[in-house]
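Work through the exercises below with the sequence and the structure open. Try each task before reading its solution.

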Amino acid sequence: MKKKISKVLIIALILIVVLQISSFAATDQVKLFLSSELTSSSYATDTMNYAVSTFRTLGYNIIGSNYTVASLKAPVLDYINESGNNYAFFNFSHGASNAFWFMSDRAQYIFPSEVSGNWHLVFLNHCYSLATNTQFAQAFNTIGYTNRASLGWFDEVTDGASAEWWSYFKNVAGTTNLRSACLAAADNCARYTPIRIYGDTTWTGHAW
Amino acid sequence: MNKKILIISLCIILLVIVGSSIVFADFHISETKENLALKNSISIEESYVQVNTRSINAKENIQLAEYYLTTFNLTDKKFNANETTIAVFNNNLESLTETVISNSDMIVKLNSETGDLISYINNKTTFEKNTLSKAIVRERALEIFKNIENEGKYELILLEQFDDEIYQAKFCKKYGEYVNPGELISFSFAPQTLEVVTFARKSVPFANNEIKISESQARTIAEEYFDKSSKYSMSISLEIVQPNAGAAEPLENNFVYQKATQTRLAYVCKFNNSSATKLYIDSTTGQVIGMDIILGGAF
């Protein structure tokens, strides 16, 4: 009798552990960073809130409380280069095609050469992030694989345009392929929203 | 003895449940619902809310969607009633109610009140690569546009290559020498086959407000808005703009600003500073009705 009870309890235990892990452990994690230089922009906070909501809709586990305000590159690079389930990344900052930064000090610039890992979904929300070259998309390793993509801007973009685009992208993300979702959001914008995507454009963007 | 084992085992199970929940649960900080009275702001959850569709006439909506798809020549695909999903959303950001009709091929959004087509998305993932010159692509964009609108009051304001398969085109309604970015017809398409990938039509009306303040008054207002000591040069032009929250205070977590329901004529003051700040000053009232900054920087 004792043996029987023990067996049943062990099976129950295993079942519970397995169920708990599958219910709570999301495969993909995301951390969203906002530049401390842009916290006074209402569009910055609007964009961050839309982006947080979108990543949640797509099934990503958000690290921290919604988004993280950053000034220095170290905590951002810590997240980027740490092993684990960090498969999605978002920044809202100033930048260019070859670097982005959370404070205007050249020592704090983040370059493609400092990025490593095999990322799933990356959104680089700064001017020219995916302009004439694909250095960042290559650095995040999203080109040439299924279910991986880097999204960003081909040209100069304003904080208002970013918020406007995200307000529409939030409602279509996950309902169609990433390319159509990006284009649909851009269609609705009164401002110039030069969105680009490098990687698997047929993917919906859902966490996996 | 059996009872003891049972109690200990139950305690272990409880501990495992609580422990694993703590380890794996994604804790979200509960948002305080204070400050809800912030003008023109709304929580993300309230911005786009699905509503009950019990009373909706599916057949009527499918017919209406197909009317637009055929008339505008957007696709020759059809909605099969058995494989079609219909949902209704309150778009509280834009003060609209949207009926979303979808199947595996496409998504169509209609204005639930007026029946107007809001948007179309083709779920197809690959198209023929474009080999045509930009001049021919432009002609093809105009050809698609003529199927949608023949009023002649719209102007092509953007034609841009997205990738090697797709171009984007954007048309805005003209009011004399000004274009209203709120009334736009926008689509992306595969020029090679004339297939429409995405389409959207927006109808934010122009208030047609008068010009009551002069350019020099607008310049003074813009200079006073910022620190007078910062002597950045500025260029100034009259444009129709959608008033926005760019000059408003940032909102707390989870809240966003609602969108203006009409556009207005404004002086757009472009500062020659590092953020290329644009300040919108209403041409009638002289009020600051919006602001934008770029997300670039010197590199």
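The exercises that follow concern a predicted model.

**Exercise 1. Chain A as a whole**

Task: State how many helices and strands chain A has, and what share of its residues counts as buried.

Solution: Start with the secondary structure. Chain A comes to six helices and nine strands. Next, take the burial. Chain A has 208 residues, of which 59% count as buried. Then consider the extent of the chain. Along the principal axes, the C-alpha atoms of chain A fill a box of roughly 75 × 40 × 35 Å. Last, look at the contacts. Among contacts in chain A with a separation of 6 or more, 75% join residues 24 or more positions apart.

**Exercise 2. Helix 5 of chain A**

Task: Compare the reach of helix 5 of chain A with the expected value, and decide why the helix is described as largely enclosed.

Solution: Begin with the length. Helix 5 of chain A covers residues 159-172, which is 14 residues. From its first C-alpha to its last, helix 5 of chain A reaches 20 Å, close to the 20 Å expected at 1.5 Å a residue. Now turn to burial, for which the cut-off is under 20% relative accessible area. In helix 5 of chain A, 14 of the 14 residues are buried, so the rest of the structure largely encloses this helix. Finally, look past the end of the helix. Gly174(A) follows helix 5 of chain A and has a positive phi, near 90°.

**Exercise 3. Two helices in contact**

Task: Describe how helix 2 and helix 5 of chain A pack, and classify the residues of their contact.

Solution: First, read the geometry. Helix 2 of chain A spans residues 42-57, and its axis lies 8 Å from that of helix 5, at an angle of about 25°. Angles under 35 degrees count as roughly parallel, and therefore helix 2 of chain A is roughly parallel to helix 5 of chain A. The crossing of helix 2 and helix 5 of chain A is left-handed. Second, find the residues that meet. From helix 2 of chain A they include Tyr43(A), Asp46(A) and Tyr50(A), and from helix 5 of chain A they include Asp159(A), Trp166(A) and Lys170(A). Third, sort the contact residues of the two helices: six are nonpolar, six polar and three charged.

**Exercise 4. Two positive phi angles**

Task: Locate Asn208(B) and Asn254(B), and decide for each whether the residue is buried or exposed.

Solution: Recall the general rule: most residues other than glycine have a negative phi. Asn208(B) is not a glycine, yet its phi is positive, about 55°. Asn254(B) is not a glycine either, and its phi is positive, about 80°. Asn208(B) sits in the loop between strand 10 and helix 5 of chain B, while Asn254(B) sits in the loop between strand 11 and strand 12 of chain B. With 55% relative accessibility, Asn208(B) counts as exposed. With a relative accessible area of 11%, Asn254(B) is buried.

**Exercise 5. Two buried residues of chain B**

Task: Which residues does Ser275(B) touch, not counting residues up to four places away in sequence?

Solution: Place the residue first. Ser275(B) is in the loop between strand 13 and strand 14 of chain B, and at 16% relative accessibility it counts as buried. Ser275(B) touches His94(A), Ile293(B) and Ile294(B), with residues up to four places away in sequence left out. The C-alpha atom of Ser275(B) is 7.3 Å from that of Gly296(B), 21 residues apart along the chain.

Repeat the steps for Arg264(B), which is in strand 13 of chain B. Arg264(B) is buried, at a relative accessible area of 18%. Leaving out residues up to four places away in sequence, Arg264(B) touches Phe206(B), Glu239(B) and Asp282(B), among others.

Terms used. Residues numbered from 1 in each chain as written. Chains lettered and ligands numbered in written order. Predicted model: local features only at pLDDT ≥ 70, side-chain atom pairs only at ≥ 80, totals over all residues. Heavy atoms only, no water. Helix = DSSP H or I, 4+ residues; strand = E, 2+ residues; numbered from the N terminus. Expected span 1.5 Å × (residues − 1). Buried < 20%, exposed > 50% of the residue type's maximum accessible area, 1.4 Å probe, protein only. Axes fitted to C-alpha atoms, helices over the stretch in contact; angles between N-to-C directions. Parallel < 35°, antiparallel > 145°, perpendicular 65-115°, else oblique. Left-handed = near helix turned anticlockwise from the far one by under 90°. Contact = heavy atoms within 4.5 Å. Nonpolar A, V, L, I, M, F, W, Y, C, P; charged D, E, K, R; others polar.
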